[in-house]
Amino acid sequence: DTAENGLVAIEKLKSNQYDVILMDVQMPVMDGYETTHTIRQMDKKISQIPIVALTANATKADIDKCLNAGMNA
């Protein structure tokens, strides 16, 4: 599945089951950092899904920002 923004992603998570989430960090409406934070606050079944960041930004600071937002990799 794909979601054009973080709000759509959250809605899809409520009605579908996923093994992993590939998170674009630069989505419109709700970016990947905010979306990840929201997912990590949801019930345990959803909040434990591994989240992998997709971004061209690969500095140490960018990686740390992703991990601090709750992404796994």
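# Reading burial, packing and salt bridges

Analyst: Met-27 is buried, with a relative accessible area of 12%. That value, like the others we shall discuss, comes from a predicted model.

User: Where does Met-27 lie, and which residues is it in contact with, leaving aside its neighbours within four places in sequence?

Analyst: Met-27 lies in the loop between β1 and α2. To decide whether a residue is buried, we compare its relative accessible area with a cut-off of 20%, and Met-27 counts as buried because its 12% falls under that limit. Once the neighbours within four places in sequence are set aside, Met-27 touches Ala-3, Asn-5, Gly-6, Gly-32 and Thr-35. As for distance along and across the chain, Met-27 and Lys-12 are 15 residues apart, and their C-alpha atoms are separated by 15 Å.

User: How should I read a helix, and which residues of α1 are buried?

Analyst: The general idea is that an α-helix has 3.6 residues a turn, so residues three or four places apart point the same way. In α1, the buried residues are Gly-6, Ala-9, Ile-10 and Leu-13. They lie on the same side of α1, because they cover an arc of only 100 degrees around the axis. Lys-14 and Ser-15, on the other side of α1, are exposed. The buried residues of α1 pack against β1, α2 and α3.

User: Which residues of α2 are buried, and what covers them?

Analyst: In α2 the buried residues are Gly-32, Tyr-33, Thr-35, Thr-36 and Ile-39. Seen down the axis of α2, these buried residues fall within an arc of 165 degrees, so they line one face of the helix. Their cover includes α1, β1, α3, β2 and α4.

User: How do I read a nonpolar core, and how many residues does the largest one have?

Analyst: A core is read by asking which residues belong to it, and then which elements supply them. The largest nonpolar core here has 17 residues, and those with the most contacts inside it are Ile-21, Met-23, Ile-39 and Met-71. At least two residues of this core come from each of α1 (6-15), β1 (21-24), α2 (32-40), β2 (51-54) and α4 (60-69). If we take Ile-21 as an example and leave aside its neighbours within four places in sequence, its contacts are Leu-13, Ile-39, Ile-49, Pro-50, Ile-51 and Val-52. Among these contacts, Leu-13 is one of the buried residues of α1, and Ile-39 is one of the buried residues of α2.

User: Which residues is Ser-47 in contact with, and is Ser-47 buried or exposed?

Analyst: Ser-47 is found in helix α3, which covers residues 44-47. Because its relative accessibility is 8%, Ser-47 counts as buried. Beyond its neighbours within four places in sequence, Ser-47 is in contact with Ile-39, Arg-40 and Met-42.

User: What about nonpolar residues on the surface: which ones form a patch?

Analyst: Here we look for nonpolar residues that are grouped on the surface. Val-20, Leu-22 and Leu-54 form such a patch, with about 280 Å² of accessible area together. Leu-54 lies in strand β2, and at 44% relative accessibility Leu-54 counts as partly exposed. Leaving aside its neighbours within four places in sequence, Leu-54 is in contact with Leu-22, Met-23, Asp-24 and Val-25. Although Leu-54 and Asp-24 are 30 residues apart in sequence, they are 4.9 Å apart in space, C-alpha to C-alpha.

User: How do I read a salt bridge, and how many does the structure hold?

Analyst: For each salt bridge we can ask which residues form it, where they lie and how accessible they are. The structure holds two salt bridges. In one of them, Lys-14 pairs with Glu-11, and the closest N and O atoms are 3.2 Å apart. Both Lys-14 and Glu-11 lie in helix α1, three residues apart, which is about one turn of the helix. Lys-14 is exposed, with a relative accessible area of 54%, whereas Glu-11, at 48%, counts as partly exposed.

User: Where do Asp-64 and Lys-60 lie, and how accessible are they?

Analyst: The side chains of Asp-64 and Lys-60 meet in a salt bridge, at 2.9 Å from N to O. These two residues lie in helix α4, four residues apart, again about one turn of the helix. Asp-64 counts as partly exposed at 27% relative accessibility, while Lys-60 is exposed, with a relative accessible area of 59%.

Note on methods
Residues are numbered from 1 along each chain as its sequence is written. This is a predicted model: local features need pLDDT of at least 70, side-chain atom pairs count only at pLDDT 80 or more; totals for chains, interfaces and linings use all residues. Side-chain values use heavy atoms; hydrogens and water are left out. A nonpolar core is a set of buried Ala, Val, Leu, Ile, Met, Phe, Trp, Tyr and Cys residues joined through side-chain atoms within 4.5 Å. Buried means under 20% relative accessible area, exposed over 50%, partly exposed in between (1.4 Å probe, protein chains only). Contact means heavy atoms within 4.5 Å. Patches are made of residues with over 30% relative accessible area and no salt bridge: like charges are joined within 9 Å, nonpolar side chains (Val, Leu, Ile, Met, Phe, Trp, Tyr) within 5 Å. Accessible areas come from the Shrake-Rupley method with a 1.4 Å probe; for residues, only the protein chains shown count as cover. A salt bridge is a side-chain nitrogen of Lys or Arg within 4 Å of a carboxyl oxygen of Asp or Glu. The arc is that of the directions from the helix axis to the C-beta atoms.
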